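Reader: I'm new to this structure and would like to learn how to read it. Could you take me through it step by step?

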Amino acid sequence: PMPRRPLRLLAALLLMAPPAFAGTDVLRQEAIAYARKGDTVLYRESHWRYRQEGVARRLVLYRCPDGRAFARKTVVERPAAQAPDFDFEDARDGYREGVRTGPGGRVVYVRDVGDARPKERTLSTPPGAVIDAGFDASVRQHWEALRSGRGVTQPFLLPSRFAFVPVKLQPGPAVRWNGVPAQRLSMKLDRWYGFVAPTMQLTYASEDRRLLEFAGIATIRDEEGRHQDVRIVFPQAATPADARALQGALATPLVRQCRG
């Protein structure tokens, strides 16, 4: 049977408010990751959006429940918002993955736990490809089709497999999320073995199309190295932040464990 890991990696899509920077240079948004069943806080996320040299960028700090940062992801929205370059590193076990744009195509790299050096492979990008946090831009791009009841299938990059796989986004019911009118969406692998892979649920605000909640298997592992079934909540929209705070977040040292 198909392992669950591919969809775990889709959790990397999470993300922030729409890329509107009118009147502000830096936006910040906080998120809380709970156990899927219950209210136990597993970790926290600090999301930043900003521009540097005219290019939209993102930063995510993944934090222990007590606030210390243990992992960092940077996203550069080039060559396209739905297929950006990115770099993710977890200091607890050394896992690292990312994509950078090279002269011969997109270079995908992965450093597994315990490996000294990353493995790299250059891939051609299929039409409509989605990479990491670019899934959020893709949702907004296909918003009207989804709201009208049509599903969307796109190739999504799984760095650990050095391959794009088809992922289907399906519209669900209109709901109210903590009083906010919202649209429920689901996504899963669009292949014959998709029935063995868990379905993920996303909830987007109907008015501004911002992500309110993600529920599914997370990329972030627990202290024993197991992927977690989580419910990540974005309780408030992004707000303007000080550029000095962003610089501090970019330079924040990462801890090697949350316990102790």
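Reader: Let's begin with the rings. How many aromatic pairs does the count come to?

Author: Bear in mind that this is a predicted model. The count comes to 4 aromatic pairs.

Reader: How do I describe such a pair?

Author: In general, two values describe a pair of aromatic rings: the distance of the centres and the angle of the planes. Take F135 and F156: their ring centres are 5.6 Å apart and their planes stand at 55°, so this pair is tilted. The cut-off for edge-to-face is over 60 degrees, and stacked needs under 30. The two partners come from distant parts of the chain, with F135 in helix α2 and F156 in strand β9, 21 residues apart.

Reader: Are F135 and F156 buried or exposed?

Author: Both are buried. F135 also appears among the residues that touch the most other members of the largest nonpolar core, a set of 49 residues; Y43, Y62 and I232 are others among them. Strand β13, residues 211–221, gives the most to this core, with 5 residues. There is also a second, separate core of 8 residues, including Y50, L59, A69 and A249.

Reader: Which residues does Y62 contact beyond its neighbours within four places in sequence?

Author: Among them are Y43, F70, F88 and I220, together with charged-letter names you can find in the view, such as R44, E45 and K73.

Reader: And where does R106 lie?

Author: R106 lies in strand β7, which covers residues 105–111. R106 is buried, because its relative accessible area is 6% and the cut-off for buried is under 20%. Its side chain reaches the backbone oxygen of P84 at 3.2 Å. For another arginine, look at R221, which lies over the face of Y95, at 4.9 Å from the ring centre.

Reader: What about the chain as a whole: how many helices and strands are there?

Author: The chain has 4 helices and 15 strands. Of its 260 residues, 50% are buried. Among contacts with a separation of 6 or more, 49% join residues 24 or more positions apart.

Reader: Where does pLDDT stay under 50?

Author: Here is the general idea: where pLDDT is low, the predicted coordinates should not be read in detail. In this chain, pLDDT stays under 50 over residues 6–24. The model has 76 contacts beyond four places in sequence for that stretch. For the chain, the mean pLDDT is 88, and 88% of the residues reach 70 or more.

Definitions and conventions: Residues numbered from 1 in each chain as written. Predicted model: local features only at pLDDT ≥ 70, side-chain atom pairs only at ≥ 80, totals over all residues. Heavy atoms only, no water. Helix = DSSP H or I, 4+ residues; strand = E, 2+ residues; numbered from the N terminus. Buried < 20%, exposed > 50% of the residue type's maximum accessible area, 1.4 Å probe, protein only. Polar contact = N/O pair within 3.5 Å; in protein donor to acceptor, adjacent residues only side chain to side chain. Core = buried A, V, L, I, M, F, W, Y, C linked by side-chain atoms within 4.5 Å. Contact = heavy atoms within 4.5 Å. pLDDT = per-residue confidence, 0-100. Phe/Tyr/Trp six-rings, centres within 6.5 Å; stacked < 30°, edge-to-face > 60°. Lys NZ or Arg CZ within 6 Å of the ring centre and 35° of its normal.
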